[in-house]
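Hello,

Here is the structure I promised to hand over. Please have a look, then read on for what turned up.

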Amino acid sequence: MAGRAAEPHRSPQYAWFITAPLALLATAIAVGLAVAAPQPAGEWPSAIIFLVLFVAADAAVLHFVVRRQGFAININEIPFIVALFYLPPITLLVVRGIGSLVVQVRRRTSTTKLWFNVATAVAATALASLVLFAVGPVRGVGPDSWLKLVVAGSTSTLVTLATVIGVITLVVGVQAGQETARTGPSGLLTAAINMAVGLIVLIAMQTTGWSVLLLAGLAAVLVFVYRSYAQFMGQHKTLTDMYELTRRIGESGHDGTLPDVVLSRVRELMQAEYATLWLPAHGRHPEVLLTAKFGSQGLLDVVATPDTLRKRAVEERRTVAVGPRLGGLPDIEFLEELRQSGTKDAIVVPLRSGTAVIGCLEVAGRLGDLVHFRPIDVRVLETLAAHAAVALENSRLVDRLRFDAYHDALSGLPNRRRMLASLEEAVKVRAPGEVVAVLLFDVDGLRDVNDSLGHAAGDKLLAEVARRLRGHAPPAALVGRVGGDEFAVTLRTETAEAATALASELRTALQDPLEFGTLTLDVDTAVGVAVHPDHGSDAAMLLQRADVATHSAKGSPTAVQLFNLGLESRSARRLGLAGELRRALDAGELDVFFQPLVSLRDRRLLGVECLARWEHPVHGSVAPEDFVAVAEHTGQLGRLTEAVLREGLRRCRQWVDAGRPLTVAVNLSPRTLVDPEFPHRVAELLTEYGVAPDRLTLEITEDGVVGETDRPMPTLRRLHDIGVRLAVDDFGTGYSSLSYLRRLPVHEVKVDRTFVQGMATDPGDLAIVRAVVDLSRHFGLTVVAEGVESELTLDLLEEMGCDVGQGFLFSRPLPYERLEAWFSAQTEAEPTPMGEVRRLRAVP
């Protein structure tokens, strides 16, 4: 769950690009003032007093943090205004520089930052002194003097703010500089108030020296009030943040966002660079080690503290706190080790659930160079850890209940509810060229094992089947137990045939013998396969049809069965549909639609493919694959095929008589090819309608001529001898090769639509189509591309030399009346010696 990285920082050494010019500027101004000022130096006893005041004022700092860079707004404008009035410019520069140096050394600031702060203070003082020298000498404490001192003080404030913004922009980034600039107005307002206070102090001191005592008393009272207020506001903010954390934990519920909420809020509340949650592995829960880092979105898998801190916190069941301000606690020994890891302080609190420690919550690296964790922060984090521990334990409890609700207790696999939910999600999103497959395994002989050896043995058998199935299934597959002796595997694969092949492989992998004491049992299963979208559009239907296929597989020699609609013919609905199909054939209620076939070379209309359609009065449009499967199983396939042939040949005769000879193509089922009487019926129909045999093309699916080559071969040869053209339909979806098809008496190859539709975007599909076209032309076969739906696909097919195209780009399948209208609208007649030829005016 790594988040987007923060804006990269430059090295702090870049600050020297600002420090050096500031130092040069201050030196130049100091030299100028030393020459031009009437009294450039002096008043050294007073200088010592002001040095103390400057150090004290710099120590009273209000800290702010922007992108890990600390900057401060303090009250040094008060002594600065007074010092401008009393001290000569060079003396003021020396006092300001020494005071800033003392403060930075006391704070143990890094070298780069130390000299930047000193140079900024001296340069701002030099410019203020120069402005004061330019506007004229200050005499008295009247309004004229107020204005001059405020102008000089404002110059110092603006220079300081500008240099801070500049160095943060240079080192941290533009966004951090913009964030710093947005704090400028509040800083300027504070400076204006401080300068007003400084003027009041100056007026009081000029009035009488005894006013110093009153001012000192007032300052003490203000410090006390400010500290009380700051303590109150800090406690109020802590309580508010803790309430917000508790509320956010409650809102996060059990949706998996709890670690994000806890760590992000704890890091913000504790003002830490890192907040880390560690939960050791427990049961089925893996180890969790997540960190929220300042400046990064999301959670990281890095830690800022050594493992020894977490180890001690868990072993001793107590808080481990290490830091410069936490020296009184018993873990100071880890301070050096912590600094070597690049962190200045850390607090590690064990998470408790009752008497057990379930993990640790820790924060590391208090933001700001000058700020560290204190003992009060330890108590705050312990309170936060108590809330977090309860929330995490509740989350684990809910997760455990949810797991039990969706998993089988015996095998640990997803149960039927979980498999249905996963399958429902899978069928909603399906990429082109893939199917969602369900493989249902039924364990043979489980009842015999239970009866003979007891249910414990049966449970052991089921657990072993689950282990083997999970171990041999593809990584992307989901394996579950959906019944007493039934296991399901769901996955995405290329074709239904690939799913069937995988089912055979898994069944073989499950067949190793299983030993029960002195007995050895053979493990065997029957497997049913159903795929989306071919066999169902929802999860329940797919699982039900896989179950139907499983029962059929028990009587199959291979014990693996791919679902087909014929397997459901015994159901009431299937029987009803079979009877209604018979009545529809008797009444001539089946319609034949026609889809044009177009020559890609010259856009000449060559013919049409005849497609059966059935509009059921109750069920609506019945898919062709449904009623064809019913016709196959109920013995009505011959009538269905003859009905389509008769309508196609009748229309073909009409078109010949009208002077526009077109070919017709009719699909055949593989079962038709094993009917020895079929070629005779085709010859009779050709004679009856007076259609030349070469005007009829019979399309056979690739599987129909590859699966049982010997049986359909006599029928194919007899049809070839009659003069009928033969085409292999849906080529590319089976396992044949063009060299094998060359031995068959076929004239055409129809490239499957899945490859044609994908060739414009998938280089693999394009390569397959190109290879089919090239080899088919070499063997003298006509190539028909199905599924032409775009101009780009059409151009690619033309470029590679494909002969014929068919698809929605030219026309959808149309009833006869609409086809005639399409002829008139989309084609134009061109007389030829062979009759009228129709050419497309333009591809719509």
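**The nonpolar cores**

The largest nonpolar core has 73 residues, and Trp655, Leu696, Leu698 and Leu797 touch the most other members. Its largest share, six residues, comes from helix α21 (residues 637-657). Keep in mind that this is a predicted model.

Take Leu698. Leaving aside residues up to four places away in sequence, Leu698 touches Leu645, Val666, Leu668, Phe678, Leu719, Val724, Arg725, Leu726 and Ala727. Apart from the largest core lies another, of 33 residues. Ala473, Ala477, Val489 and Ala496 are among them. As a general rule, nonpolar side chains tend to be buried together in soluble globular proteins.

**Helix α28**

Now to the helix that holds Leu797. Which residues of α28 (residues 791-800) are buried? They are Thr793, Leu794, Leu796, Leu797 and Met800. Seen down the axis of α28, these buried residues fall within an arc of 165°, so they line one face of the helix. An α-helix has 3.6 residues a turn, so residues three or four places apart point the same way.

What do the buried residues of α28 pack against? Their partners are α26 (753-758), α27 (763-778) and β22 (782-786). Gly801 follows α28, and its phi is positive, near 90°.

**Cysteines**

How many disulfides does a search of the whole structure find? Zero. Two cysteines to look up: Cys360 is buried, with a relative accessible area of 1%. Cys802 is buried too, with a relative accessible area of 6%.

Best wishes

Key. Residues are numbered from 1 along each chain as its sequence is written. This is a predicted model: local features need pLDDT of at least 70, side-chain atom pairs count only at pLDDT 80 or more; totals for chains, interfaces and linings use all residues. Side-chain values use heavy atoms; hydrogens and water are left out. Buried means under 20% relative accessible area, exposed over 50%, partly exposed in between (1.4 Å probe, protein chains only). Helices (H or I, at least four residues) and strands (E, at least two) are DSSP runs, numbered from the N terminus. The arc is that of the directions from the helix axis to the C-beta atoms. Contact means heavy atoms within 4.5 Å. A nonpolar core is a set of buried Ala, Val, Leu, Ile, Met, Phe, Trp, Tyr and Cys residues joined through side-chain atoms within 4.5 Å. A disulfide is a pair of cysteine sulfur atoms within 2.5 Å.
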